[in-house]
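These are my notebook entries on one chain, written down in the order in which I looked things up.

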Amino acid sequence: MKLRNTLARSITTTLTIVSTGHAALPPIPLDKHGDYDGSDIIQWIKSHPQGYVHPSVRIGRAIPGDPNSMFGLYVSSDPGTAPMEQDDIIARIPWNYLIGPGDKYDSSVFFSCKEIENLTAELKKGEESTYGPYIRYLLTQKQGTMPGEWSKAGKKFFAKLLDYGELPPYEEAWLDDYKKYLRKCDGDPEDDMERRAYYLASSRDEDTLMIPIYDMANHSNDVKKLNTLSFKPDKVGKAFRFEASRTIMPGEEIFNSYNRCNPCSNADFKHCETFSSQPTPDMFAHFGFIEQFPQYWRFDSSDEDAGEEPDEIIMCFNKNDNGEYEVLWDANGLPDEKDFDFLSEHLKRLKDMYENKEKLQKKLVLGDGEENIKNMPISEWNSIWWYYDELTRAMDAAIKYAPDDESDEL
């Protein structure tokens, strides 16, 4: 099994309230289209002397009222809305409104058992939590979107698709991540809310801080879309700042980068304070989605069972303005003939699996109204094949666009 370091945070939204054992939470505020509008969280943040949310911020869907459109942060398109200018503060979240490890916070630490312990406690308080509006929002978030949360059948089939650790995302990034957390943090395997807190933190936090408003921004590394910078507290007691990196016009979406510091993002590395640099496959493992272009792929063709040293293939995969694919290679991860054989063999294996997709679905996927621990829900099945499409496209491109001179290097 090949090892990779990963950091992560994410955004998914649904409107399903989860019981906490306390009094029922009040209805979430909806706009005129029936979408959650975040007004409760905005008012809560602004109630603090240090709290601020830009008046042009809109929380909702790209197409209001369309449940299939993207939920996120936008600049309102209402008449008279002013654009956000470069360096404008989008949101300033006071320290007391961040859920993290408390006095044990260290800006150079990227995982904290104490953060998850504290988040679990607040989730269990429900409406009684001092973070009430934010906790209510977190309790509406859909579960089961990340591979680590999937059913046994979903995990088993995804592992098979990846040839049991031969292709990314590598198994330590997702297969037994919660079990590792339980061992590391002396967690309670019977505590469902602790499990929920773990996956909320691993998919939404900024290193060791859960940050309202900020964690609603969707991801992009597209230089035409990415329009923000974030500044986490350098010590206990300081506020978190989320700022515009350029003018953001009315109607435009407010994007953040979840892996800004990877070599394919064209980021200014002075802004890489969180060192978030995970490749595209690890983004899927932690967030449950595949990022759009540009993508960052890492493969390892070594045979660990034979005692071989890691042999990485590192590529940036993008699409230019003419709609043509482009591949750039890391000089430390240029492929050789052995690497291409590795990719070609796996590509053939994957495409053979695809030929049996319909038969496999009948065998492995739950039907409507069925309950069977041996099968997976259709949502997991669809996610696996979504990843298959992106993985095989990247492998095809790696073979087709083999480096032929130094101009193909990063």
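Before starting, I wrote down the terms I would need: a residue is called buried under 20% relative accessible area, exposed over 50%, and partly exposed in between. I also noted that I am working with a predicted model.

Entry on lysine 180. I looked up where lysine 180 sits and found its place in helix α5. Its relative accessibility is 34%, and because this value falls between the two cut-offs of 20% and 50%, I entered lysine 180 as partly exposed. I then looked for charged patches on the surface and found a positive one, formed by Lys152, Lys179, Lys180 and Arg183. Helix α5, which covers residues 177-185, gives the largest share of this positive patch, namely 3 residues.

Entry on glutamate 337. For the opposite charge I found a negative surface patch, which is made up of Asp336, Glu337, Asp341 and Glu345. I picked out glutamate 337 from this group and located it in helix α8, which runs over residues 337-355. Its relative accessible area is 64%, and since exposed means over 50%, glutamate 337 goes into my list as exposed.

Entry on threonine 120. Is threonine 120 buried or exposed? I first placed threonine 120 in helix α2, residues 113-125, and then read its relative accessible area, which is 7%. Because buried means under 20%, I recorded threonine 120 as buried. Setting aside residues up to four places away in sequence, I listed what threonine 120 touches, and the list reads Asp191, Met193, Glu194 and Ala197.

Entry on histidine 33. I found histidine 33 in the segment before α1, the helix that spans 39-46. With a relative accessible area of 41%, histidine 33 is partly exposed. Which residues does histidine 33 contact, once its neighbours within four places in sequence are left aside? I found Pro64 and Gly65. I also looked up the spacing to aspartate 66, which is 33 residues away from histidine 33 along the chain, and the C-alpha atoms of the two are separated by 8.4 Å.

Entry on the whole chain. I closed with the totals, and noted that the chain has 10 helices and 11 strands. Of its 410 residues, 53% are buried. When I considered contacts between residues at least 6 apart in sequence, I found that 69% of them join residues at least 24 apart. The chain exposes about 19,400 Å², and carbon and sulfur atoms supply 48% of that area.

Key
Residues are numbered from 1 along each chain as its sequence is written. This is a predicted model: local features need pLDDT of at least 70, side-chain atom pairs count only at pLDDT 80 or more; totals for chains, interfaces and linings use all residues. Side-chain values use heavy atoms; hydrogens and water are left out. Patches are made of residues with over 30% relative accessible area and no salt bridge: like charges are joined within 9 Å, nonpolar side chains (Val, Leu, Ile, Met, Phe, Trp, Tyr) within 5 Å. Accessible areas come from the Shrake-Rupley method with a 1.4 Å probe; for residues, only the protein chains shown count as cover. A salt bridge is a side-chain nitrogen of Lys or Arg within 4 Å of a carboxyl oxygen of Asp or Glu. Lys and Arg count as positive and Asp and Glu as negative; His and the chain ends are not counted. The place of a charge is taken as NZ of Lys, CZ of Arg, CG of Asp or CD of Glu. Helices (H or I, at least four residues) and strands (E, at least two) are DSSP runs, numbered from the N terminus. Buried means under 20% relative accessible area, exposed over 50%, partly exposed in between (1.4 Å probe, protein chains only). Contact means heavy atoms within 4.5 Å.
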